[in-house]
Each structure stands twice: as structure tokens, then as C-alpha cells.
Amino acid sequence: MERNIDINDFDYPLPDERIAKFPLERRSDSKLLIYRNGEISQSHFHSLAEQLPVGSLLVFNNTKVIRARVIMHKPSGARIEVFCLEPHRPADYEHAFTVKGECEWSCIVGNLKKWKEGQIGIDFDYEGTPCHLRAEIAERGEREHIVRFTWDVDLTFGQLLEHLGRIPIPPYLNRESEEIDLTRYQTVYSKFEGSVAAPTAGLHFTDEMIAQMRADGFVFDEVTLHVGAGTFLPVKSDNAAEHPMHTEHFEVRLATLENLLAHHGDITAVGTTSVRTLESLPVLGWRIRQGGEPYAERIIGQWESYDIPADYTGREVLEDLIGYMQRNGLERLKAATQIMITPLGFRFRIVSRIVTNFHQPKSTLLLLVSAYIGDDWRRMYRYALDNDFRFLSYGDSSLLIVE
């Protein structure tokens, strides 16, 4: 099937001064645009509960941003930046951060031309003990390279990154990371290390706001999707359908699926990463219904969800997945997705409402917004620009409702 999406139809003027370079003093003081069935209004994020049905389910992405940028030096003194994207050996995220002594990661290397061969490294003190971290390129690629790290201190790789690494704030902020980013480029509910970019819609929530919403009867649950640097990759082809979507790993618990089923039709996804996770589930469910394994060595394809029959409902998806996991004694479902959510007939089967920030022009995330509210994204973004909303990762938020 030939697919065509003119990415130029998803452009809009975004002046640099409208990009929020730093977060507000209080997370929940950000503005909230409400899009409800074509009507647009505004409030503040701390009033989100007033816009949602009491008792509804909100789904967070509980991934944690790692200090993925490590500055190292060659013996000659040349500065090399190693940006850790995804674990290669061990490949499993849980083990990748607990391993000691040696590991390999898929990385982007800054100033690669200065690193033809050999080792680069960092010498540092840890609690009074001299330590050495070394890196060498084990396998070269086009954009990403496999880098082997070795170290001689009794620390896990996660502890090393925490000690030596820098938070990888988005490139469009055009600044170095600062002390404030260590806490504010992280959601208050982050738990599992693995992302190189924050699930930014969740940055607006505070512990107090969540506690109050719980007390008022709202229900919260969590999925895990580790956000990759590919989320910032520009769409280079005029036909956005030719853009190769990056792979992101996710995990959903059986108890979460049961919660989703209990609240089916009343689910608010907090952030596009939660949307991507939840709307990847129908592919796994359909594979089961077709008599196969849901994720046996096969990534959820970019267009796979578009081939699912329209009458396969979200309720059936959840029932199929729950049944499969119960039959096989599974508590967690782990998979990887390349799903691309576009206006080309994408069907939302799980998500009822979306909380999301304002995205870059000509981006795949803007395509996702358009897939949900159609061409009204233009009116919505024009309203945001005309009413002094702040854009991108540290910017303001929106609540999208189509009933």
C-alpha cells in the first residue's frame, strides 16, 4: 500500500523566544490548553482534575532519564562526547545498569573524527580511590556505534553514569545542562532508568497534585517506555511516510492491563510515549488472536497497526493480552515498538484522552496530535501562539479530548 504524508503540511512558525529554555519555578503552574471536541479554552495545569471525569484512569510513563552524556578525552587531550543511547551487551535494561566491570552500548559519538582507534577515558576519584573508565569502539555504524566500556572500580554502570554523566537535555534548548535539569528534566514518578529524553507531559505533575487527585477519586497506573534520541530526529523526506521510525522498548504489567480493562473508554494517556505504548498493545493482541506469539523476536512494525481489522476493539485487545499472560504465568509484557501514529487512518483503540506538550514543526509527534484531533491541530497551535503558551519540553501543556 502506497502511503503519502506531505510533512510540509505540518509546518508552523515557531519563534525561538517561544521555546521554553528553562522550567517554571513550580511544575504545575504551567498553562493548560483544553481542546474538547473542537472547542478550545485555557486554564492552568494544577486544575487538570476539573477537566476530567472523577474516577478516570491516568497512565504515566515511569521511565527515568539517565545521565547519558559522558565527556571523555584521548591521551592527546582531544575532547570526545559519548552519548549512550541503548544497551547492547547486556541488552536488557535491568541488567545494563547493574553490570560491573564491562559493558557495551549503542552510542552517538561527538568529535568522532578525532577518535579513529584506541581507547579514550576518564580518570577520577571515588571516595578517595583513584579510578579509571575506558572506552573503545567495538563496532562502527553510520550514525550509531557500539562502544565498549571497562572500569576498575566496584560500581555498577548505572552508578558510573550517575557519578560522571550529564543529563541529555534536548538539543533545541541550545544550552548546556545545568543543576536545575537534574531534577526538573525528570518526572516526580520516574522509577526505571533507561531514557535519554524525558516524557515531558509528565513534568507538570507534582507529588501534591497526584496525592490530591487520588484523594478525589482519580486512579493512576504506569507503563514503562524508554525514550530514545530518535524522538528528536527530524523528518527529512517530504513524504513523512518514508521516515524510518526509531525503536523504543516498553514494558506493561498484567495488573496494569487489568486496570486498563476496568477503565476501558475512560483512559487518559499522559504523554505521547504513554500513547505509543498503549496503542502498540493492539498489535500484540492481534498477533495472539491470529494464533501466534505476541512478541517473539519481532519488533512492532511502523505500519503494523494499520492492518488490524477496524472491528477489533480495545476491550478485545486487553482481554486477549490478559488471557495470554494468565495462561503463560506472565506478570510483565516486554516488547519493542516502531509504531508511527499518523493521520493516515490510525485507529485509537485504548486511549480516550491525551495530555501532551506542544511539539516541533514537521515532527512525528505533531503527526500523532493530528491523528487524534485532525486538522484542528492548526487552530490549536495558533491559539497557543496567540495566547503566549510556552513550547516544547519545558513548555506548557494541552489536554486533548475527542468524544
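In this predicted model, Trp 377 and Tyr 381 both belong to helix α10, where four residues, about one turn of the helix, separate them. Both Trp 377 and Tyr 381 are buried. For Tyr 381, the relative accessible area is 1%. The rings of Trp 377 and Tyr 381 form an edge-to-face aromatic pair, with 5.8 Å centre to centre and 80° between the planes.

A search of the whole structure yields 24 aromatic pairs. One of them joins Phe 358 to Tyr 381 in an edge-to-face arrangement. Because Phe 358 lies in the loop between β16 (353-357) and α9 (364-373), whereas Tyr 381 lies in helix α10 (residues 377-386), this pair ties together parts that are 23 residues apart in sequence. Phe 358 is buried, and its relative accessible area is 1%.

The two pairs that involve Tyr 381 are set out below.

| Aromatic pair | Centre to centre | Angle between planes | Geometry |
|---|---|---|---|
| Phe 358 and Tyr 381 | 5.4 Å | 75° | edge-to-face |
| Trp 377 and Tyr 381 | 5.8 Å | 80° | edge-to-face |

Phe 358, Trp 377 and Tyr 381 are also members of a cluster linked by ring pairs. Its members include Phe 10, Tyr 12, Tyr 383, Phe 389 and Phe 391 as well.

Aromatic rings also lie beneath charged groups in this model. The charged end of Arg 175 sits over the ring of Phe 22, at 3.9 Å from the ring centre. Likewise, the ring of Tyr 306 has the charged end of Arg 3 over it, 5.6 Å from its centre.

Methods
Residues numbered from 1 in each chain as written. Predicted model: local features only at pLDDT ≥ 70, side-chain atom pairs only at ≥ 80, totals over all residues. Heavy atoms only, no water. Phe/Tyr/Trp six-rings, centres within 6.5 Å; stacked < 30°, edge-to-face > 60°. Helix = DSSP H or I, 4+ residues; strand = E, 2+ residues; numbered from the N terminus. Buried < 20%, exposed > 50% of the residue type's maximum accessible area, 1.4 Å probe, protein only. Lys NZ or Arg CZ within 6 Å of the ring centre and 35° of its normal.
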